[in-house]
Amino acid sequence: MSEKLQKVLARSGLGSRREMEAVIDAGRVSVDGEKAKLGDRIEEGAEVRVDGRLIDIQKVEDSICRVLAYHKAEGEICSRNDPEGRETVFDRLPRLQHGRWIAVGRLDINTSGLLLFTTDGELANRLMHPSFEVEREYAVRVFGDVNDEVIRNLRHGVELEDGRAAFTSVKRQGGEGINQWYSVTLSEGRNREVRRMWESQGMQVSRLIRVRYGLLPLPKGLPRSGWQELPLEQVNYLRQLVQLSKEENTVIKVADRVRSSQRIRKSVRKHRSRAQSQAAKRRRLK
């Protein structure tokens with residue numbers, strides 16, 4: 001039975017279907033030695049290459065949808081590689097024998113909190129698509145005099161350069177002086193949207209933390225730069241949100257459903273030490 005080429009590539013962890021369509025359209029994919037085009041379907045056993053590299057095609061029955069919850073720290077970037085040598089979120093993730101981790105959206109360098117990664121390109125693509133309206137919650141520390149009119153504007157909608165945006169809820173969470181914390185929710189993930197909405201009202205965001213994605217909170221006790229694999233029921237909660245079929249398998253063993261905080265912190269400290277050593281070496285070579 002044949003399948004669409006972009007679907008096969010996405011399942012193999014190379015990116016979302018939309019990203020794979022762009023890669024195919026750019027002429028970077030070949031099938032059995034012939035340049036592929038959008039709309040092509042392939043059958044089992046086909047030799048597929050991307051940029052000349054042979055791709056290990058994952059069969060449907062061999063492909064397990066995995067999802068990680070990651071606690072992004074401020075200062076980390078969401079790119080796979082950075083020419084400036086800054087730390088990236090991908091540096092921290094466990095290695096895969098097949099495929100790759102795909103980030104579900106992005107958080108800017110100054111934003112921390114919950115970031116999801118998956119091996120399923122289609123799941124990532126749907127979770128990011130605005131049509132599914134997956135709710136995100138952020139804790140925001142705002143510098144400025146926030147009155148009732150400002151909150152009313154943010155809930156009813158403000159004009160940004162890329163269109164109108166509104167929070168579904170804005171709740172005061174306390175603070176000191178003109179530094180106040182708020183909990184805000186919205187159902188899309190445009191670039192720096194939360195910050196830009198507050199800035200449209202003359203307010204400055206001094207801290208921004210994503211604390212929830214859908215009904216999944218940032219795991220308690222998960223240190224910054226630490227990750228935790230989601231159990232099958234949470235994976236299927238995400239799949240159900242975006243109308244995908246249930247996953248039947250998981251790589252998590254019953255005894256290892258939750259990695260201990262001690263093991264996570266040890267791994268994070270080890271990675272930070274290695275990253276600091278590499279950064280110092282780069283500075284000496286300049």
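User: In E9, which residue is the bridge partner of valine 67?

Analyst: This is a predicted model. Strands E7 and E9 pair in the antiparallel sense, over 6 bridges. Within that pairing, valine 67 has its bridge partner in E9, and that partner is threonine 118.

User: Which residue of E17 is the bridge partner of alanine 69?

Analyst: E7 also pairs with strand E17, residues 227-229. That pairing is antiparallel and has 3 bridges. The E17 partner of alanine 69 is glutamine 228.

User: Are the two faces of E7 covered or open, and how many of its residues are buried?

Analyst: In a regular strand, side chains alternate between the two faces of the sheet. On one side of E7 sit Val67, Ala69 and His71, all buried. On the other side, Leu68, Tyr70 and Lys72 are buried too. Both faces are covered, and the buried count is 6 of 6.

User: Which residues touch the most other members of the largest nonpolar core?

Analyst: Nonpolar side chains tend to be buried together in soluble globular proteins. Here the largest nonpolar core holds 33 residues. Strands E7, E9, E10 and E14 are among the elements that give it two or more residues, as are helices H4 and H5. The members that touch the most others are Phe117, Val140, Phe167, Val184, Val194 and Trp198.

User: What does valine 194 touch, beyond four places in sequence?

Analyst: Valine 194 is one of the core members with the most contacts to other members. Helix H5 (193-199) gives two or more residues to this core. Leaving out residues up to four places away, valine 194 touches Tyr138, Val140, Phe167, Val184, Leu186 and Leu208.

User: How many residues are in the second core?

Analyst: This core is separate from the largest one. Its members include Ala124, Leu127, Leu216 and Leu244. The count is 20 residues.

User: Which residue takes a positive phi in the hairpin of E13 and E14?

Analyst: Strand E13, residues 169-176, pairs with E14 in the antiparallel sense over 7 bridges. One bridge joins valine 170 to valine 184 in E14. The hairpin has 2 residues between the strands. The one with a positive phi near 60° is glycine 177.

User: Which residue of E14 stands opposite phenylalanine 143?

Analyst: E14 also pairs with E10, antiparallel, over 8 bridges. Opposite phenylalanine 143 stands asparagine 179.

User: Where does pLDDT stay under 50?

Analyst: The chain averages a pLDDT of 87, and 86% of residues score at least 70. Where pLDDT is low, the predicted coordinates should not be read in detail. The stretch under 50 has 8 contacts beyond four places in sequence, and covers residues 257-261.

Definitions and conventions:
Residues are numbered from 1 along each chain as its sequence is written. This is a predicted model: local features need pLDDT of at least 70, side-chain atom pairs count only at pLDDT 80 or more; totals for chains, interfaces and linings use all residues. Side-chain values use heavy atoms; hydrogens and water are left out. A nonpolar core is a set of buried Ala, Val, Leu, Ile, Met, Phe, Trp, Tyr and Cys residues joined through side-chain atoms within 4.5 Å. Buried means under 20% relative accessible area, exposed over 50%, partly exposed in between (1.4 Å probe, protein chains only). Helices (H or I, at least four residues) and strands (E, at least two) are DSSP runs, numbered from the N terminus. Contact means heavy atoms within 4.5 Å. pLDDT is the predictor's confidence in each residue, from 0 to 100. Two strands pair if DSSP finds at least two bridges between them.
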